[in-house]
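Biologist: Please take a close look at one part for me, the protein surface near the DNA. Give the cut-offs as you go, and then place that part in its setting.

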2 protein chains.
Amino acid sequence: MNKLADSSEDRVAILLRRNQLSVTDGRRRILEVFMDAGVALSPHDIEEKTSERLDRVTVYRTLQTFLEKGIMHTIPTTDNSVLYALCKESCGAGHHHDDHVHFVCELCGTTTCLDGLTIPSIAMPDGYLVSQVNMVVNGRCKNCAA
Amino acid sequence: MNKLADSSEDRVAILLRRNQLSVTDGRRRILEVFMDAGVALSPHDIEEKTSERLDRVTVYRTLQTFLEKGIMHTIPTTDNSVLYALCKESCGAGHHHDDHVHFVCELCGTTTCLDGLTIPSIAMPDGYLVSQVNMVVNGRCKNCAA
DNA sequence: TACCGATTTGCAACAAAGTTGCAAAGAAGC
DNA sequence: GCTTCTTTGCAACTTTGTTGCAAATCGGTA
């Protein structure tokens, strides 16, 4: 459509190929939705935003694939929704750099990754092994705070 | 059945009355399941553990009531399950002291509240308002670490 | 202990979310 | 353009959660 969209399509194709995934229309559109949105999305959100012709099953399977490849990660939420978000470039299958804080705005409902904030380390009781730490902050985002 | 069970029943009744809730069989059994388990449970877990004669609808409604009264809190998880856990005695409707860390064991699957560990405070970017912070640690619990 | 009003429960029916098998369509390499 | 392997969509199904309503239960009172 325009240069921006073109370059976005290229980014998508490169990202897919780098992860040994064939470039299909469905995957392309799902990734574009995430890149455009810039926030975390639920499977239902994606079904809605990929205007028509993208089966619910395809959405679930594609998200699952992206999770396994390390292209995306899930975000824990206090309500019972499942949210997905794009990983940073440096992530891949097996080695996640997922130590950033997630923020849920209680007014506009959007969930975002605060990539700049690193989760502070905590001292666990003896005998526990830690593999991953998630931190989710609820409150009001920049736009809704005022 | 025995003294321990009796005292547990008393605790349950006292807890319910303190929160202006009538003492019914369903509520009693659900609370006992939580006290016996000592870990966070999903609605489905509860349906199974309250041996027969407790409708799914009742479980959901009771958990919702307990949430509102501040008897329980929910725990965010990266997989798509909804977990409930008993609050500390000091919690009540409106005033939660829910700033402890949650731990999910990736081997045995149990989720527990690490009441001893307080969530470290973090410096948010300008413009954000914080109302609640959740921290979930994944790894191996004491029993599964060895 | 029996009765009464208010709350709670179970049932049935429904809505939403997620899964599985399989045949048709599409991608990648030759 | 052809072949092979992967991905998609459909249909049917399971699981999870919700709503309305009548019957059962709770707590207080006589």
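Modeller: What follows covers the DNA-facing surface, the helices behind it, the pairing of the chains and the confidence.

This is a predicted model, in which local features need pLDDT of at least 70, side-chain atom pairs count only at pLDDT 80 or more, and totals for chains, interfaces and linings use all residues. Residues are numbered from 1 along each chain as its sequence is written, while chains are lettered from A and ligands numbered from 1 in the order in which they are written.

Start with DNA strand C. There are 23 residues around this strand (near means a C-beta atom, placed from the backbone, within 6 Å). Ser22(A), Thr24(B), Gly26(B), Asp55(B) and Thr58(B) come nearest. Four helices each give two or more residues to this surface: H3 (43–49) and H4 (56–69) of chain A, with H2 (25–37) and H4 (56–69) of chain B. Elements here are DSSP runs, numbered from the N terminus: helices are H or I with at least four residues, strands are E with at least two. H4(B) makes the largest contribution, four residues. By class, the surface near DNA strand C holds eight nonpolar, nine polar and six charged residues. Nonpolar covers Ala, Val, Leu, Ile, Met, Phe, Trp, Tyr, Cys and Pro; charged covers Asp, Glu, Lys and Arg; the others, Gly among them, are polar.

Now DNA strand D. Of the 23 residues around this strand, Thr24(A), Gly26(A), Thr58(A), Ser22(B) and Val23(B) come nearest. Here H2 and H4 of chain A and H3 (43–49) and H4 of chain B each give two or more residues. H4(A) gives the most, with four residues. The classes are eight nonpolar, nine polar and six charged.

Next, how H2 and H4 pack. Two packed helices are described by the angle between their axes and the distance between the axes. H2(A) and H4(A) pack at about 75°, with axes 10 Å apart. Axes are lines fitted to C-alpha atoms, for helices over the stretch in contact, and angles run from 0 to 180 degrees between N-to-C directions. H2(A) is therefore roughly perpendicular to H4(A) (65 to 115 degrees; under 35 is roughly parallel, over 145 roughly antiparallel, the rest oblique). Gly26(A), Arg27(A) and Ile30(A) of H2(A) meet Thr58(A), Val59(A) and Thr62(A) of H4(A) (contact means C-beta atoms, placed from the backbone, within 7 Å). That contact has two nonpolar, three polar and one charged residues. In chain B, the axes of H2(B) and H4(B) come within 10 Å and cross at roughly 75°.

Then the pairing of the chains. A rotation of 179° with 0.1 Å of shift along its axis superposes chain A on chain B, RMSD 0.2 Å (least squares on the C-alpha atoms of residues with pLDDT of at least 70 in both). The copies are thus related as by a two-fold rotation axis. The contact takes 32 residues from chain A and 32 residues from chain B. On the chain A side, E5(A) gives the most, with 12 residues.

Last, confidence. Chain A has a mean pLDDT of 86 (the predictor's confidence in each residue, from 0 to 100). H4(A) has the highest mean among the elements of chain A, 96, and helix H1 (residues 3–18) the lowest, 73. Over residues 1–6 of chain A the pLDDT is below 50. Where pLDDT is low, the predicted coordinates should not be read in detail.

Key. Two residues are in contact if their C-beta atoms, placed from the backbone, lie within 7 Å.
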